[in-house]
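Biologist: I would like a close look at one small part of this protein. Could you pick a sheet, take me through its strands, and then place it within the whole chain?

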Amino acid sequence: MKHTKVRDLLNSTTTLQEVNAKGWVRTFRNNQFIALNDGSTINNIQCVVDFENTPDETLKRITTGAAISVIGTLIESKGAGQKYEIQVNKLEILGDSDAEKFPIQPKNKPSLDFLRENAHLRVRTNMFGAIMRVRSVLSFAVHNYFQRKGFVYVNTPIITGSDAEGAGEMFKVTALPFDNTPRTEDGKVNYKEDFFEKETNLTVSGQLEGETYAMALGQIYTFGPTFRAENSNTSRHLAEFWMIEPEVAFNNLDDNMDLAEDFIQYVIKYALDHCQDDLKFLEGRLLDEEKSKPQAERSEMALLEKLNFVLENNFKRVSYTEAIDILRDSTPNKKKKFQYIINEWGADLQSEHERYLVEKHFKCPVILFDYPANIKAFYMRLNDNTEPGRETVRAMDILFPGIGEIVGGSEREERYDVLVEKMKALEIDEEELSWYLDTRRFGSATHAGFGLGFERLVLFVTGMTNIRDVIPFPRTPGNAEF
Ligand code: 4AD
Ligand code: MG
């Protein structure tokens with residue numbers, strides 16, 4: 001007999017004579033009521049055991065975490081909370097779970113820290129089941145959005161020779177031995193003897209390769225893992241994270257902002273439409289978590305309200321220069337409450353500033369654009385008509401409440417001479433990026449794109465507060481368990 005998913009049983013429109021369900025026991029009450037979950041939904045199906053006719057031996061083995069198979073009748077439930085339940089006729093233990101040893105005991109309310117250490121088992125909790133289902137639906141929504149618009153999905157390399165962001169935060173990839181490393185005459189590591197016969201690293205972004213494809217296919221997007229060896233031990237940074245990078249030929253910065261806003265609203269709407277039960281559960285979790293916070297730190301909106309707010313309101317578009325004026329005149333700046341005081345134009349914005357703008361000043365998602373050239377990457381387009389000493393680039397960052405930066409993007413510098421000059425100034429190897437410069441040598445045109453950090457999106461949609469809780473097996477400084 002084929003088993004039926006719990007979700008389908010709970011959504012049944014009639015009672016059924018004989019059904020088979022398989023899953024893991026969440027709880028077992030009164031020697032009679034099993035809450036069974038198989039991961040297909042956050043909801044458990046109640047399985048009612050006829051304990052008088054079930055051997056004691058078997059009853060003892062119905063423990064939290066055990067895998068079981070039940071055959072029985074799907075009947076209307078007399079109890080509150082569910083429409084249907086299974087009246088069990090036959091029960092088989094598929095895999096025991098020692099109640100003394102199974103670490104995920106619902107009664108103990110395991111902490112998020114404890115669950116992180118047990119990342120392989122935390123997915124057996126309601127919370128992580130919900131998060132991972134939402135994550136999966138969001139990734140489908142990402143593909144859906146771009147595919148419906150005719151974007152081509154491009155797989156850019158994971159091992160690369162270039163540093164796309166020029167920030168030098170790369171993990172080296174090498175097959176050279178650590179002892180007896182081959183050296184050149186001047187004592188440097190001789191990468192000519194390495195696997196790729198050159199220095200390579202894990203990609204920090206697929207953008208540069210993506211641009212070459214956009215300049216042929218028109219509209220492309222990537223969706224893949226990226227790696228950063230930045231030593232940021234924060235609740236917003238991972239060493240391995242997934243990034244979505246669309247790149248569109250003939251788009252300027254305004255088009256780029258429109259695309260990013262429309263895309264984010266689409267995927268959030270998709271999650272709202274397809275993850276109702278999970279999001280409702282996560283909303284409750286967030287309310288619970290916030291109860292332990294002082295009133296002033298609690299969010300003004302519940303999760304679903306916050307998601308709907310983002311759908312229904314335009315993102316506020318503000319230039320860097322306007323933002324600096326707002327920050328300079330802000331109360332926390334005057335009262336020296338910011339760790340980094342904003343004194344003059346040109347200052348890089350820290351997350352405290354971004355959060356002030358989004359959460360206190362505008363109270364909605366914000367797109368900051370036209371940043372000072374010298375705090376942004378080399379490939380961004382220099383604005384025409386900028387004052388000498390106050391050069392700006394056509395960059396944009398999208399800032400979200402509770403998250404900070406969720407998107408970074410720009411219109412690209414399409415002018416060969418200007419780009420080469422910028423690379424020279426930053427001592428970026430032209431030889432190494434000669435292939436990239438070909439896009440500007442042959443048929444160059446205005447183009448623009450952005451990168452959205454997928455985990456930051458999942459954080460926002462699930463209302464979780466630590467990025468380690470929205471990726472199955474997080475990689476952070478000092479942690480690569482599993
Ligand atoms: O702003 P970033 O560094 O931009 C780029 O990589 C560009 N090449 C994108 C492009 O224009 N195609 O990163 C983009 C986004 C950030 O806004 C953030 O959401 C996320 O990637 N991100 C991280 N997410 C988790 N952990 C980290 N360490 C992250 N670093 C960036
Ligand atoms: Mg950025």
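Modeller: Happy to: here is a walk through one sheet, followed by the chain around it. Please keep in mind that this is a predicted model. The sheet to look at is an open one of three strands, and reading across it the order is β7-β9-β8. The pairing is antiparallel. If you want to find the edges, go to residues 159–160 for β7 and 172–173 for β8. Each of these edge strands pairs on one side only. Strand β9, covering residues 200–202, sits between β7 and β8 in the sheet order. Follow β9 towards β8 and you will find two bridges joining them in the antiparallel sense. For a landmark on that side, look at V173, which stands opposite T200 in β9.

Now let us step back to the chain that holds this sheet. The chain has 15 helices and 16 strands, and its C-alpha trace spans about 85 × 60 × 45 Å along the principal axes. It contains 482 residues, and 50% of them are buried. If we take contacts between residues at least 6 apart in sequence, 69% join residues at least 24 apart.

As for the outside, the chain exposes about 24,100 Å², with carbon and sulfur atoms supplying 48% of that area. On the charge side, you can count 58 positive and 75 negative side chains. The centres of those two sets lie 6 Å apart.

Terms used:
Residues are numbered from 1 along each chain as its sequence is written. Chains are lettered from A and ligands numbered from 1 in the order in which they are written. This is a predicted model: local features need pLDDT of at least 70, side-chain atom pairs count only at pLDDT 80 or more; totals for chains, interfaces and linings use all residues. Side-chain values use heavy atoms; hydrogens and water are left out. Helices (H or I, at least four residues) and strands (E, at least two) are DSSP runs, numbered from the N terminus. Buried means under 20% relative accessible area, exposed over 50%, partly exposed in between (1.4 Å probe, protein chains only). Contact means heavy atoms within 4.5 Å. Accessible areas come from the Shrake-Rupley method with a 1.4 Å probe; for residues, only the protein chains shown count as cover. Lys and Arg count as positive and Asp and Glu as negative; His and the chain ends are not counted. The place of a charge is taken as NZ of Lys, CZ of Arg, CG of Asp or CD of Glu. Two strands pair if DSSP finds at least two bridges between them.
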